[in-house]
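The report below describes a single protein chain, moving from its aromatic residues to its helices and loops. Please keep the sequence and the model at hand while reading.

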Amino acid sequence: MSIQAPRRRRSTAPGDETRERILDAAEHLFAERGYSNVSTRDIAEAARSNAAAAHYHFGSKEAVLEAVFERRLAGMNAERERLLAACLAEADGRPSVEAILEAFIGPTLRLGATEEGRRFNLLAGRSSTDPNPEVRRIVFQVYDSVGRRFVDAAAAACPDLSREELFWRIACVYGAMMYIRADNGRLQHLFGPGFSLSDGEGALKFAMPFLTAGLAAPPVEGTE
């Protein structure tokens, strides 16, 4: 059974509406099945369109995935970079760990407040560990600038950490983000149906203090 893209009312030209339907359908299918298990024909059918229209608007399946990421992340990543820059400026180059984590992670977790945002977070979490080289290229491309700014801000917030220790602590931050966004149901299975990783406010309330404490902890003895 094909997955139908949601119908929306937009004051756009027919070509723009077709393009948006294709992106909606692709986002849904990529999130549910994974990039490698979805064809351009699958996307076109779910978008109530045809493969020729998908090729006309995007040219390739890889370009469709890239457009899906750009649609959701262009504004959010710009906001994250602005917030990180403000953290550095307001603290004379020594921001608090809590402030930089809020700037970097907060917008991502709040994205899960809507159904569309939850679906994209699922796709983003899944794509972060996808070995497909096309997916890896796009993920690296869309997150590279804001990721580098976060690493620089974290280094400024934790000047006593060696580069190696900072690497491992940020790996833990990224790992937590990926798991929360992927929301594969494993923890709900263990804890019961009353919990959900798509609860962005819960993540901000409980996970952020945990990550802040871990990143801000004193250096491991002998690694300064």
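Which residues form one aromatic cluster? F69, F120 and Y143 do so.

## Basis of the description

The model is a predicted one, in which local features need pLDDT of at least 70 and side-chain atom pairs count only at pLDDT 80 or more, whereas totals for chains, interfaces and linings use all residues. Residues are numbered from 1 along each chain as its sequence is written, and side-chain values use heavy atoms, with hydrogens and water left out.

## Overall architecture

The protein chain contains 10 helices and zero strands, where helices (H or I, at least four residues) and strands (E, at least two) are DSSP runs numbered from the N terminus. Its C-alpha atoms fill a box of roughly 60 × 40 × 35 Å along the principal axes. Of the 224 residues, 42% are buried; here buried means under 20% relative accessible area, exposed means over 50%, and partly exposed lies in between (1.4 Å probe, protein chains only). Taking contact as heavy atoms within 4.5 Å, 73% of the contacts between residues at least 6 apart in sequence join residues at least 24 apart.

The unreviewed UniProt entry lists residues 39–58 as "DNA-binding region"; UniProt positions are given in the numbering used here, feature names are shortened, and annotations may be inferred rather than shown by experiment. In the model this span is 75% helix and 0% strand, and its end C-alpha atoms lie 14 Å apart.

## Aromatic pairs and charges over rings

Rings of Phe, Tyr and Trp (its six-membered ring) are taken to pair if their centres lie within 6.5 Å, with planes under 30 degrees apart counted as stacked, over 60 as edge-to-face and the rest as tilted. By this rule there are seven aromatic pairs. One of them joins F30 and Y35, whose ring centres are 5.3 Å apart and whose planes stand at 45 degrees, so the pair is tilted. Both F30 and Y35 are buried. Another tilted pair is formed by F104 and Y174, with 5.9 Å from centre to centre and 45 degrees between the planes. Because F104 lies in helix α5 (residues 97–110) and Y174 in helix α8 (residues 163–182), this pair ties together parts that are 70 residues apart in sequence. F104 counts as buried at 2% relative accessibility, while Y174, at 28%, counts as partly exposed.

Two of these rings also have a charge over them, a term used if NZ of Lys or CZ of Arg is within 6 Å of the ring centre and within 35 degrees of the ring normal. K61 lies over the face of Y35, at 4.1 Å from the ring centre, and the charged end of R80 sits over the ring of F104, 4.4 Å from its centre.

## Helices α5 and α6

Helix α5 has 14 residues and reaches 19 Å from its first C-alpha to its last, close to the 20 Å expected at 1.5 Å a residue, the expected span being 1.5 Å times one less than the number of residues. A kink of about 35 degrees lies at A103, shortly before the proline P107; the bend at a residue is the angle between axes fitted to the seven residues ending there and the seven starting there. The helix is mostly covered, with 10 of its 14 residues buried, and what covers those buried residues includes α4 (61–90), α6, α7 (133–157), α8 and α10 (200–216).

Helix α6 (residues 115–128) also has 14 residues and reaches 20 Å from first to last C-alpha, close to the 20 Å expected. Its buried residues include R119, F120 and N121.

## Buried positions in α7 and α8

A154 lies in helix α7 and is buried, with a relative accessible area of 0%. Leaving aside neighbours within four places in sequence, A154 is in contact with I100, L166 and I170. The C-alpha atoms of A154 and I170, which are 16 residues apart along the chain, are separated by 8.4 Å.

R169 has its place in helix α8 and is buried at a relative accessible area of 11%. Beyond its neighbours within four places in sequence, R169 is in contact with L161 and with further residues including G214, L215 and V220.

## Loop residues with positive phi

Most residues other than glycine have a negative phi. D92, although not a glycine, has a positive phi of about 55 degrees; D92 is found in the loop between α4 and α5 and counts as exposed at 74% relative accessibility. D183, likewise not a glycine, has a positive phi of about 45 degrees. D183 is found in the loop between α8 and α9 (186–191) and, at 25% relative accessibility, counts as partly exposed.
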